[in-house]
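The following note is addressed to a colleague meeting this structure for the first time. Its points are numbered so that each may be checked against the model in turn.

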Amino acid sequence: MSNKAENGEQEQQQRQSILPLLTPYKMGNFQLSHRIVLAPLTRQRSYGNVPQPHAILYYSQRTTKGGLLIAEATGVSDTAQGYPDTPGIWTKEQVEAWKPIVDAVHAKGGIFFCQIWHVGRVSNYSYQPNGQAPISSTDKLLTPQLRANGVDVAEFAPPRRLRTEEIPEIVNDFKLAAINAIEAGFDGVEIHGAHGYLIEQFLKDQVNDRTDEYGGSLENRCRFALEIVEAVSNAIGADRVGIRLSPFASYSQAGDSNPNALGLYMAAALNKYGLAYCHMVEPRMKTVGEKSETPDSLLPMRKAFKGTFMVAGGYDRKDGIQAVAESRADLVAYGRLFLANPDLPKRFELNASLNKYNRATFYLPDPVVGYTDYPFLETTA
């Protein structure tokens, strides 16, 4: 066999071996060309909580025709903030600022969901309107935490426990944010129900110490999340709604005594809504940082949820291929690898080398460095 023929055969075998991750997939009304999803990644470059023009290049760089992107966590109200320069979608100015970013993704044939978010007690007075206390399911203080950059320590203000009668107002904030996202041109929204933020502060029994209908039993603790799902679905259509959950994680001191039961209950309860997808974080990602060994698995939740199931948490190329090939997931979300490799689907297809991500530049306010300056394959030496 000639070298040319041998190389051609090897290339064909290589492409066949990665077929699962690069096969088309129909997610409800959306036809995806592959299974690689841009995970929602906080970038802290939306000055004054308003998305900026430099995000046009950032997101369009990571867009492929028929590829799904999930935008960075985006605040639903002026009480939702807890980090510098994170975007919002509760004002007209913010909606208008998102439009050219969404247009750029659509111009390249991408499908774009906006992750809508409320941090709850993961905040302090400086981020809150009129310097008020952050709101939460509880009045338990979150102790100082090392930021995801591994350098800065965040201090938090004592939260104020939401009164029962106030909770519908917060549900409505999520609904209005979803309506605004559609107004901005997004194809849908992902409700951020993970990583220790407000929704998880209700879901997890390590945080939720309420005695009303939003606390105590598993059913009661899940009520707030499901009310948001229902309100958002009714407002924009369930086929435009996804939710992200991390039952096994303990980010921001939000752990649960029985994460398997929590994950299973939510997966089953979500079935009645007909959502676009359920996005779950792997049990190996218990805290910010690297993955750890665990006997737990998302497979029971995968089986319980009847719709599109997306997974995230420390996946590499091989892991992603296996997850789809073994039907443990329909879609795989990539964060740090997609950040450092704007052409990740192409690199995975070719089994090309990957740029290394630089954690020190994840959250710089710089509009270029650590943001739009990671090289594409063609420009890599």
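1. The axes of helix α5 (residues 167–183) and helix α7 come within 9 Å of each other and cross at roughly 35°. Here axes are lines fitted to C-alpha atoms, for helices over the stretch in contact, with angles running from 0 to 180 degrees between N-to-C directions. Helices (H or I, at least four residues) and strands (E, at least two) are DSSP runs, numbered from the N terminus. The crossing of α5 and α7 is right-handed; that is, the near helix is turned clockwise from the far one by less than a right angle, whereas an anticlockwise turn would be left-handed.

2. On the basis of the model: this is a predicted structure, in which local features need pLDDT of at least 70 and side-chain atom pairs count only at pLDDT 80 or more, while totals for chains, interfaces and linings use all residues. Residues are numbered from 1 along each chain as its sequence is written, and side-chain values use heavy atoms, with hydrogens and water left out.

3. Which residues of α5 and α7 meet? From α5 they include Ile167, Ile170, Val171, Phe174 and Lys175, and from α7 they include Phe224, Glu227, Ile228 and Ala231; contact means heavy atoms within 4.5 Å. By class, this contact has 13 nonpolar, no polar and two charged residues. Ala, Val, Leu, Ile, Met, Phe, Trp, Tyr, Cys and Pro count as nonpolar, Asp, Glu, Lys and Arg as charged, and the others, Gly among them, as polar.

4. The largest nonpolar core has 83 residues, of which Tyr59 and Ile116 touch the most other members. Helix α7 (residues 218–236) gives the most to this core, with nine residues. Such a core is a set of buried Ala, Val, Leu, Ile, Met, Phe, Trp, Tyr and Cys residues joined through side-chain atoms within 4.5 Å. Buried means under 20% relative accessible area, exposed over 50%, and partly exposed in between (1.4 Å probe, protein chains only).

5. Not counting residues up to four places away in sequence, Tyr59 touches eight residues by name: Leu38, Leu69, Ala71, Glu72, Trp98, Ile101, Val105 and Phe112. Apart from the largest core lies another, of 16 residues, among them Tyr25, Val37, Phe113 and Met310.

6. Why does the structure have zero disulfides at Cys114 and Cys222? A disulfide is a pair of cysteine sulfur atoms within 2.5 Å. The sulfur of Cys114 is 18 Å from the closest cysteine sulfur, in Cys278, and therefore too far for a bond. The sulfur of Cys222 is likewise too far, at 12 Å from its closest, also in Cys278. Cys114 is buried, at 0% relative accessibility, and Cys222 is buried at 0%.

7. Two serines deserve attention for their backbone. Phi of Ser252 is near 50°, and phi of Ser327 is near 60°. Most residues other than glycine have a negative phi. Ser252 is placed in the loop between β12 (241–245) and α8 (259–270) and is buried, at 12% relative accessibility. Ser327 is placed in the loop between α10 (317–325) and β15 (331–334) and is partly exposed, with a relative accessible area of 41%.

8. Gly263 lies in helix α8 and is buried, with a relative accessible area of 1%. Leaving aside neighbours within four places in sequence, Gly263 is in contact with Pro247, Met280 and Met301.
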